[in-house]
Amino acid sequence: MANVLIVDDNQEILAVNSAYLSAEGFGVTTVETGMKAIVCLNAGQYDCIVLDIMLPDIDGLALCKAIRTMTDTPIIFLTCKDDPEDKIKGLMIGGDDYMTKPYSLQELTARIHVLLRRGRLDAQNISLDKVTIDRESRMVHTPEKNVFLSQKEFELFLLLFENPDKVFSKEELFEALWPNSTDMGTVAVHILKLRRKLDFAKEYLGTIDNHYKAGYYFAPPPGRGAA
């Protein structure tokens with residue numbers, strides 16, 4: 001179970017985010033101040049930090065700098081400050097993503113999943129049965145064939161593959177992987193490309209399936225669960 005630390009002085013936001021992420025299977029810790037966040041980070045380990053900028057004691061940007069001296073845990077800024085300059089500052093000082101309020105809980109969850117995958121220290125290949133997934137080259141190998149995936153194809157593939165049977169809506173995938181795009185049709189295009197490219201390995205990997213009116217999910221082959 002991945003553990004998330006949420007830092008925000010708004011009690012309602014803390015309660016809503018905590019309830020939603022807990023229901024999604026995360027372990028969640030919430031604090032209202034920067035100093036409490038530092039205490040938590042000194043006491044334990046977290047897989048992702050959701051950080052507001054406007055805190056009552058420490059500016060969130062300054063807190064991000066302090067956190068980066070302690071850990072490389074992925075940080076998502078979640079703030080009402082929507083000026084492009086604020087976003088640039090947040091990303092330049094060590095933030096990994098930046099979302100503005102109001103926001104979608106589904107989008108927040110999807111972005112956490114993406115950062116957890118990107119932030120994994122274990123960058124080794126994934127091997128199972130007769131297939132190998134090479135993270136560095138973005139290649140899928142089987143004894144019969146090898147296939148190369150583009151960067152976005154690979155990101156989409158891993159997000160689905162590493163969360164087997166979890167349904168992601170088209171909106172969640174779009175907001176998580178194409179935050180600067182306006183063409184939501186790119187999700188369906190990439191799903192189609194992935195299905196075609198990975199059809200040769202479905203016996204080992206499984207398949208990308210549709211959940212009626214809900215979204216897409218990765219269905220492992222019989223007998224195999226999470227990778």
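Angles between helix axes of 65 to 115 degrees count as roughly perpendicular. In this predicted model, the axes of helix H6 (residues 151-161) and helix H8 (residues 185-198) cross at roughly 80°, and H6 and H8 are therefore roughly perpendicular to each other. Helix H6 also takes part in the largest nonpolar core and packs on a sheet of four strands, and these topics are taken up in turn below, together with a second sheet and three individual residues.

**The crossing of H6 and H8**

- Two packed helices are described by the angle between their axes and by the distance between those axes.
- In addition to crossing at roughly 80°, the axes of H6 and H8 come within 10 Å of each other.
- On the side of H6, the contact is made by Lys152, Glu153, Leu156, Phe157 and Leu160, while H8 contributes His190, Ile191, Lys193, Leu194, Lys197 and Leu198.
- Sorted by class, this contact of H6 with H8 has six nonpolar residues, four charged residues and one polar residue.

**The nonpolar cores**

- The largest nonpolar core has 32 residues, and of these Phe157 and Leu205 touch the most other members.
- Two or more residues of this core come from each of helix H5 (105-118), strand S6 (126-128), strand S7 (131-134), H6, helix H7 (170-177), H8, helix H9 and strand S11 (215-219).
- Helix H6 gives the largest share of this core, namely seven residues.
- When its neighbours within four places in sequence are left aside, Phe157 is in contact with Ile133, Leu149, Leu194, Leu198, Leu205 and Phe218.
- Another core, of 19 residues, lies apart from the largest one, and its members include Leu41, Leu55, Cys64 and Phe77.

**The sheet of four strands**

- Strands of a sheet pair through backbone hydrogen bonds, and the pairing is either parallel or antiparallel.
- One open sheet consists of four strands in the order S6-S7-S8-S9, and its pairing is antiparallel.
- Strand S6 and strand S9 (146-148) stand at the edges with a single partner strand each, so one side of each is left without a neighbour in the sheet.
- From one strand to the next, the twist of this sheet averages 10°.
- Helix H6 packs on this sheet, where it touches S6, S7 and S9, and the direction of H6 makes about 125° with that of S7.
- Strands S6 and S7 run antiparallel and are joined by three bridges, with Thr132 in S7 as the bridge partner of Ser127.
- The hairpin formed by S6 and S7 has two residues between the strands, and Asp129 in its turn has a positive phi of about 50°.
- Three bridges also join S7 to strand S8 (residues 139-141), again in an antiparallel arrangement, and here Ile133 stands opposite Val140 in S8.
- The hairpin formed by S7 and S8 has four residues between the strands, and Arg138 in its turn has a positive phi of about 60°.

**The sheet of five strands**

- Another open sheet has five strands in the order S2-S1-S3-S4-S5, and its pairing is parallel.
- Its edge strands are strand S2 (27-31) and strand S5 (97-100), each of which pairs on one side only.
- The twist of this sheet averages 20° from one strand to the next.
- Helix H1 (residues 11-23) packs on this sheet, touching strand S1 (3-7), S2 and S4, and the direction of H1 makes about 170° with that of S2.
- Strand S4 (residues 75-79) runs parallel to S5 and is joined to S5 by four bridges, with Ile76 standing opposite Asp97 in S5.

**Three individual residues**

- Thr109 is found in helix H5, and at 4% relative accessibility Thr109 counts as buried.
- Leaving aside neighbours within four places in sequence, Thr109 is in contact with Tyr20, Leu21, Glu24 and Phe26.
- His113 is likewise found in helix H5, and His113 is buried, since its relative accessible area is 10%.
- With neighbours within four places in sequence set aside, the contacts of His113 are Phe26, Leu159, Asn163, Lys166 and Phe168.
- Phe200 has its place in the loop between H8 and helix H9 (202-205), and with a relative accessible area of 23% Phe200 is partly exposed.
- Not counting residues up to four places away in sequence, Phe200 touches Val140, Thr142, Lys145 and Val147.
- Although Phe200 and Asn146 are 54 residues apart along the chain, their C-alpha atoms are separated by 9.2 Å.

Notes. Residues are numbered from 1 along each chain as its sequence is written. This is a predicted model: local features need pLDDT of at least 70, side-chain atom pairs count only at pLDDT 80 or more; totals for chains, interfaces and linings use all residues. Side-chain values use heavy atoms; hydrogens and water are left out. Axes are lines fitted to C-alpha atoms, for helices over the stretch in contact, and angles run from 0 to 180 degrees between N-to-C directions. Angles under 35 degrees count as roughly parallel, over 145 as roughly antiparallel, 65 to 115 as roughly perpendicular and the rest as oblique. Contact means heavy atoms within 4.5 Å. Ala, Val, Leu, Ile, Met, Phe, Trp, Tyr, Cys and Pro count as nonpolar, Asp, Glu, Lys and Arg as charged, and the others, Gly among them, as polar. Buried means under 20% relative accessible area, exposed over 50%, partly exposed in between (1.4 Å probe, protein chains only). A nonpolar core is a set of buried Ala, Val, Leu, Ile, Met, Phe, Trp, Tyr and Cys residues joined through side-chain atoms within 4.5 Å. Two strands pair if DSSP finds at least two bridges between them.
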